[in-house]
Amino acid sequence: MSSKSQFKKLTYLTMRNVKIYFKDRMTFFVSLITPIILLVLFVFFLQTTYEDSIFSIIQGFDVDQKFIDSFTGGWLFSSILSTSCITVAFCSGMMVIDKINKNNIDFIVSPVKKSILQLSYVIANVFSTLIIAFILLVIGLIYLAFIGFYLSFLDLLLIIFTIVITSLFGTILANIIWIFTKTQGVVSGICTLVSALYGFICGAYMPISTMGSGMQTFTAFLPGTYATILFRQGFLNGVLNEMSKTLPNEMINGIAEGFDVRMLFFGNNVSTLALILVITISTFVLLGIFLLISKLKFRNNN
Amino acid sequence: MEHIIEIKNLKKYFGEVKAVDDISFSVNEGELFAFLGLNGAGKSTTINILVGVLTKDSGECYINGLSIDNIEKILPTIGIVFQSSVLDKKLSVYDNLKYRAMLYNITKNEFEDNLKFFTERLELNNILKKPLEKLSGGQKRKVDIVRALIHKPKILILDEPTTGLDPRTRKLVWNFISELIKNENLTVLLTTHYMEEATIADNVVIIDSGKIVAEGSPNVLKNRYASDYLRAYKYDKEILNILSDLKLPYKKSKNCLEIIFKNTESAKDFLVKNNKYFNDLEIVKGSMDDVFLAVTGKELKENI
Ligand SMILES: Nc1ncnc2c1ncn2[C@@H]1O[C@H](COP(=O)(O)OP(=O)(O)O)[C@@H](O)[C@H]1O
Ligand SMILES: [Mg+2]
C-alpha cells in the first residue's frame, strides 16, 4: 500500500485521538491541575513570597515595581509551562485508555497497520500537549504585555523550542510507561501522581536553589530540570537585563541563582547551550529506548 | 460453488471453558446466514476470531478464499457490528463515521456519498452532529450499522444487532439489510437469539455450548426436528381412547386438545382415518422454537 494512503490513515487517526482528549473533560481537567494550583497559589501568596525574597536580595536598592511584577509573572508562567509540558503529556495519552475501553477493537478490524495505530497515539499525545502549552504561552504573553514585557525575539524562540522539546520528552517518557500498563487504575494513578508531584520536583512552586542539597543533586540528574531552567531563562533574562541597568551585578547574579535562572552543576555554571544539549540528547535517548521496546514488544505479539 | 466464508474445525478455549469446540460451517455468497444460540453459546467468540480480534486455538477460517492468518487482506471487504458498541461516545456521529471511513481506501467525496445514502435510509440524518452518548439505544445501534457499512463491504457481520431495538426500528433495519442482500449481493452473517431473525435466514446454524447441534435452512430444520400439532377445538371424547390405543402423545387443556405428530404426513394420515371425531381443528407446523428445544433441550427466550 502506498505511503500516501498510510499517511492519510495516520492523519485521521491522530485527529481522532486529539479530539477525544479535548472532549474528555475529566482527563483534560486533571492534566491542568498543576497550572491551576500554581495560579491560585500565586495570586494568594506565592507572588508576595517571591517579592519578599527579591527584596531581601536587593536590600535597600530601589527597583521599579514594574520589573518586580514582570519578574514574578515570568516566573509563574515559566513554572506553568515547565510542569504542563510534562503533566499534560502524561495525561493526554489515548493508547491505554482506548485499550481499556476496548475502543481500539474498531481499529483492529479496520485496514490499519498496528504500527500506524501506535504511532498515531504518540503523535496525538505530542499534539495535545503542544496545543495546551501554546495556549498557556499565549495567555502568559498577554499577561506579561499588561504588566511589563521584556522578552526578546530570541527569548521567545528559546521558549518555543523548550516547549517542543519538553513536550516530546514528556510524551515519549509517558509512552514508554504506557507500553507496560494495562489497567485504568495505573494510568489515572500515574497521571494524577505526575500532575501532583512534578511541580515540586521541577521547582515550580519554590526554586530548586532553596531545596536541600540532596534534593538539588537529585534534580540535577533529571533532564526535566534542564528544561525548567531553559524556560526560566526564556522568560526572565530580558527583565533581569533591564534590572541590571540599575542594580549591581552581584545582586542580579543573586536573583538569577536564587530563582533558578542559572543552573549550577556541582558548583559550575551550566551554559544555555549545555542545557539545550542535555534535554535534546535525553529526548533522543528516550526515543531510541521507546522504539527498541516497541519493536521487541511488537515482535513478541506476532 | 465457492463459499465466501468457510470455517473448519475451529476451536477456542478460555481455560476450562470450551467457548468454541470444533465447529465447521460455511456461508454462501449473497445469503443471510444466522448463527443461533443462547447467551454463552460461543457466537461472539466465533465472530471475533473471524475478524481478527481474538486468536484461535486451532482450526482454519477462510474469507473470500483467503485464510484469516492474512487478516489485513480481508478487512477491507468486511464490516462488523459488535455485540456492544465500540465507537467513541464523546465524538459526534459524523466524526465517528468520518475518522473510520477514512481508514479505508475511499475519498472524502465517496465517504460523504455513502454517509448520505446510509443515514437517510436508516433515518439518522438529523443527528449527525450529536455526540454518540446523547443518542437513544436504537439510534446508537443504527450508527453502529452505518459504521459497518460505510466502506461498502462485501460481507456484513452482525453480532446480535437488534437486541434492545423497538419493533419499528428492527423492521426498518431488516428491510434495509434485506434490500442490500438483494440489490448489492451483500453476504450477511448474523448471530442472534431471536427466532424471527433465524426464520428469515437462508441458512441457520444452531450452536450450544461451543458445538454445532443442527444446521440447514429453516424449513429443513423444522421438518427434521420440529413436531407438527393437530389442535382440535371441538371433538368427540371417544378420540381420547383411540389416542391411548395408538400411544400418541397429546396435551389436553380446557378448550383444546393438542396431538403431537412427528411430521405433517403422519398428522394427515391420522386425520383421514379419524375425520369423523373432529369438528373444528387446525394443523400447525412446528416453529424454530421447537427446533431449538428439540436440538438443545433448552427453551429459547424471545425477550431479553
Ligand atoms: N475473554 C474471555 N475470557 C474467558 N471466558 C470467555 C471470554 N469470552 C467469552 N468467554 C466465555 O466463552 C463462552 C462463550 O462466550 P460468547 O462467545 O461470548 O457467547 P455468546 O456470544 O454466544 O453469548 C462463555 O461461557 C463465556 O463466558
Ligand atoms: Mg455474544
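Ala, Val, Leu, Ile, Met, Phe, Trp, Tyr, Cys and Pro count as nonpolar here, Asp, Glu, Lys and Arg count as charged, and the others, Gly among them, count as polar. With that sorted, let's look around this predicted model. By those classes, the shell around ligand 1 splits into five nonpolar residues, five polar ones and one charged one. Besides the ligand's surroundings, there are two cavities of 30 Å³ or more to explore, and chain B has been assigned two stretches as domains, domain 1 (3-222) and domain 2 (227-285).

**Around ligand 1**

- Who are the neighbours that surround ligand 1? They are B:Phe14, B:Val17, B:Ala19, B:Leu38, B:Asn39, B:Gly40, B:Ala41, B:Gly42, B:Lys43, B:Ser44 and B:Thr45.
- If you sort that list yourself, B:Lys43 falls in the charged class, because Lys counts as charged.
- Strand S2 (17-28) and helix H1 (43-50) of chain B each put at least two residues into this shell.
- H1(B) makes the largest contribution to the shell, with three residues.

**Polar contacts with ligand 1**

- Start with the side chain of B:Thr45: one of its polar atoms sits 2.5 Å from an oxygen atom of ligand 1.
- The backbone joins in too, with a polar backbone atom of B:Gly42 at 2.9 Å from a ligand 1 oxygen.
- B:Ala41 also has a polar backbone atom facing a ligand 1 oxygen, this time at a distance of 3.2 Å.
- How much of ligand 1 does the protein cover? On its own the ligand has 560 Å² of accessible area, and the protein covers 60% of it.

**The largest cavity**

- Its volume comes to about 50 Å³.
- Chain A provides A:Asp106 to the lining, while chain B provides B:Ile80, B:Val81, B:Phe82, B:Ser85, B:Val86, B:Leu87, B:Asp144 and B:Arg147.
- Two elements of chain B give two or more residues to this lining: strand S6 (78-81) and helix H5 (137-149).
- Sorted by class, you get five nonpolar residues, one polar residue and three charged residues.

**The second largest cavity**

- This one has a volume of about 30 Å³.
- Its lining includes A:Val109 from chain A, along with B:Ile78, B:Gly79, B:Ile80, B:Tyr104, B:Arg147 and B:Ala148 from chain B.
- B:Ile80 and B:Arg147 may look familiar, as they turn up in the lining of the largest cavity and again in this one.
- S6 and H5 of chain B are back as well, each supplying at least two lining residues.
- Which element gives the most to this lining? That would be S6(B), with three residues.
- The class count here is five nonpolar, one polar and one charged.

**Domains of chain B**

- How far apart are the C-alpha centres of domain 1 and domain 2 of chain B? They lie 43 Å apart.

Notes
Residues are numbered from 1 along each chain as its sequence is written. Chains are lettered from A and ligands numbered from 1 in the order in which they are written. This is a predicted model: local features need pLDDT of at least 70, side-chain atom pairs count only at pLDDT 80 or more; totals for chains, interfaces and linings use all residues. Side-chain values use heavy atoms; hydrogens and water are left out. A residue is near a molecule or strand if one of its heavy atoms lies within 4 Å of it. A polar contact is a pair of N or O atoms within 3.5 Å; within protein, one must be able to donate a hydrogen and the other to accept it, and residues adjacent in sequence count only if both atoms are side-chain atoms. Accessible areas come from the Shrake-Rupley method with a 1.4 Å probe; for residues, only the protein chains shown count as cover. Helices (H or I, at least four residues) and strands (E, at least two) are DSSP runs, numbered from the N terminus. On a 1 Å grid over the protein atoms alone, a cavity is a set of points where a 1.4 Å probe fits but cannot get out, and a pocket is an open set with protein on both sides within 12 Å along at least five of seven lines; lining residues have an atom within 4 Å of a point. Grid points are joined across faces, edges and corners, and a volume is the space filled by probe spheres set on the points. Domain bounds come from an automatic or database domain assignment.
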